[in-house]
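Grab a coffee and work through these exercises with the structure open in your viewer. Try each task before you read the solution under it.

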Amino acid sequence: SLVCVTNRPEMIENIVSNFKRQIYPNLELILCLTANNSDYKLAKTQIKDSRIKLLRVGKSLKLGTCLNKGFGRARGDYIGKFDDDDFYGKNYVSDQMIAFKYSGADIVGKTSIFMYNGHDETIYRRYPQSSHKVLNLVLGPTLLMKREVFDTIKFRDLGLGEDTTFLRDAAEYRYRIYATDPYNFMYIRRADSGFHSWNPEQDELLKGAEKIGKFDNWEDLVDI
């Protein structure tokens with residue numbers, strides 16, 4: 001099961017495209033949308049895949065609580081977090097699921113990632129030394145866990161940093177967290193002011209990152 005929380009109806013097309021691109025069988029998406037009546041009705045017309053369940057959540061709820069509602073509706077033995085504005089390659093879920101077998105982990109995700117930086121339209125690799133390692137933290141949009149983890153731990157009622165806090169709580173419970181490779185995922189950082197909830201300065205965003213270059217079609221770089 002994949003769970004996506006968004007307050008941006010304009011991102012539904014990207015969310016659905018990322019989901020339908022996956023080749024992994026027996027997959028569902030719980031799409032939690034904070035929207036007014038007209039946006040919610042429009043969203044319902046955009047979703048024609050029976051594997052996608054649209055769940056309307058209150059605008060006053062913080063992200064952590066919305067995630068708990070979505071995860072609570074999930075039926076899978078494994079549950080993952082899906083973001084609305086990134087790129088997930090067709091083998092993303094399949095590749096992450098394989099990692100459970102060879103790592104013995106309870107939670108898998110990515111720490112080393114490819115990132116498109118809209119400020120200079122360049123691809124970077126963040127944390128290049130953090131692939132295929134047992135770590136305490138992985139990137140929130142790549143979080144995938146065994147159901148038993150969520151049965152034990154819930155996201156805290158936070159609007160920012162809810163995924164980091166969840167992982168710290170999981171580490172305290174001695175759950176094993178494994179960071180896979182950067183492939184089949186692209187972290188998209190737009191230049192638009194105010195688009196992202198986390199807005200670091202460029203120096204902070206690019207600290208320790210490896211510059212890859214500019215690509216006309218960066219999907220060829222990340223898709224394997």
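**Exercise 1. Place phenylalanine 87 in this predicted model: which strand holds it, is it buried or exposed, and what does it touch?**

Step 1: Start with the secondary structure. Phenylalanine 87 belongs to strand E5, which covers residues 87–88.

Step 2: Check the accessible area. The relative value for phenylalanine 87 is 6%, and the cut-off for buried is under 20%, so this residue counts as buried.

Step 3: List the neighbours, skipping residues up to four places away in sequence. Phenylalanine 87 then touches Asn18, Arg21, Asn184, Phe185, Met186, Ile188, Trp218, Glu219, Val222 and Asp223.

Step 4: Add a C-alpha distance. Serine 17 sits 70 residues from phenylalanine 87 along the chain, yet their C-alpha atoms are separated by 9.2 Å.

**Exercise 2. Take glutamate 121 and asparagine 184: where is each one, and is it buried or exposed?**

Step 1: Look at the backbone. Phi is near 55 degrees for glutamate 121, a positive value in a residue other than glycine. For asparagine 184, phi is near 70 degrees, again positive in a non-glycine residue.

Step 2: Find the loops. Glutamate 121 is in the loop between E7 and strand E8 (122–126), while asparagine 184 is in the loop between strand E11 (177–179) and E12.

Step 3: Compare the relative accessible areas. Glutamate 121 has 52% and is exposed; asparagine 184 has 1% and is buried. Asparagine 184 is also one of the residues that phenylalanine 87 touches.

**Exercise 3. Describe the largest nonpolar core: how many residues does it have, and which have the most contacts inside it?**

Step 1: Count and rank. This core has 34 residues, and Leu29, Leu31 and Phe82 have the most contacts inside it.

Step 2: Trace the contributors. Elements giving two or more residues include strand E1 (2–6), helix H1 (12–21), strand E2 (29–33) and helix H4 (92–103). H4 gives the most, with 5 residues.

Step 3: Zoom in on leucine 31. Leaving out residues up to four places away in sequence, leucine 31 touches Cys4, Thr6, Ile12, Ile15, Ile47, Ile52, Lys53, Leu54 and Leu55.

Step 4: Look for another core. There is one apart from the largest, with 25 residues, among them Ala74, Ile107, Phe155 and Ala179.

Step 5: Put it in context. In soluble globular proteins, nonpolar side chains tend to be buried together.

**Exercise 4. Which residues of helix H6 are buried, and what covers them?**

Step 1: Pick out the buried ones. In H6 (residues 162–172) they are Glu162, Asp163, Thr165, Phe166, Leu167, Asp169 and Ala170.

Step 2: Find the cover. It includes helix H3 (63–73), strand E4 (78–81), strand E6 (107–109), strand E10 (144–146), helix H5 (147–152) and E11.

Step 3: Step past the helix. Arginine 174 follows H6 and has a positive phi, near 70 degrees.

**Exercise 5. How many helices and strands does the chain have, and how compact is it?**

Step 1: Take the tally: the protein chain has 8 helices and 13 strands.

Step 2: Test the compactness. The radius of gyration is 17 Å, close to the 17 Å the globule rule gives for 224 residues, so the chain is as compact as a globular protein of that length.

Step 3: Check burial and contacts. Buried residues make up 53% of the 224. Of the contacts with a separation of 6 or more, 75% come from residues 24 or more positions apart.

Definitions and conventions: Residues are numbered from 1 along each chain as its sequence is written. This is a predicted model: local features need pLDDT of at least 70, side-chain atom pairs count only at pLDDT 80 or more; totals for chains, interfaces and linings use all residues. Side-chain values use heavy atoms; hydrogens and water are left out. A nonpolar core is a set of buried Ala, Val, Leu, Ile, Met, Phe, Trp, Tyr and Cys residues joined through side-chain atoms within 4.5 Å. Buried means under 20% relative accessible area, exposed over 50%, partly exposed in between (1.4 Å probe, protein chains only). Helices (H or I, at least four residues) and strands (E, at least two) are DSSP runs, numbered from the N terminus. Contact means heavy atoms within 4.5 Å. The radius of gyration is taken over C-alpha atoms; the globule rule is 2.2 Å times the number of residues to the power 0.38.
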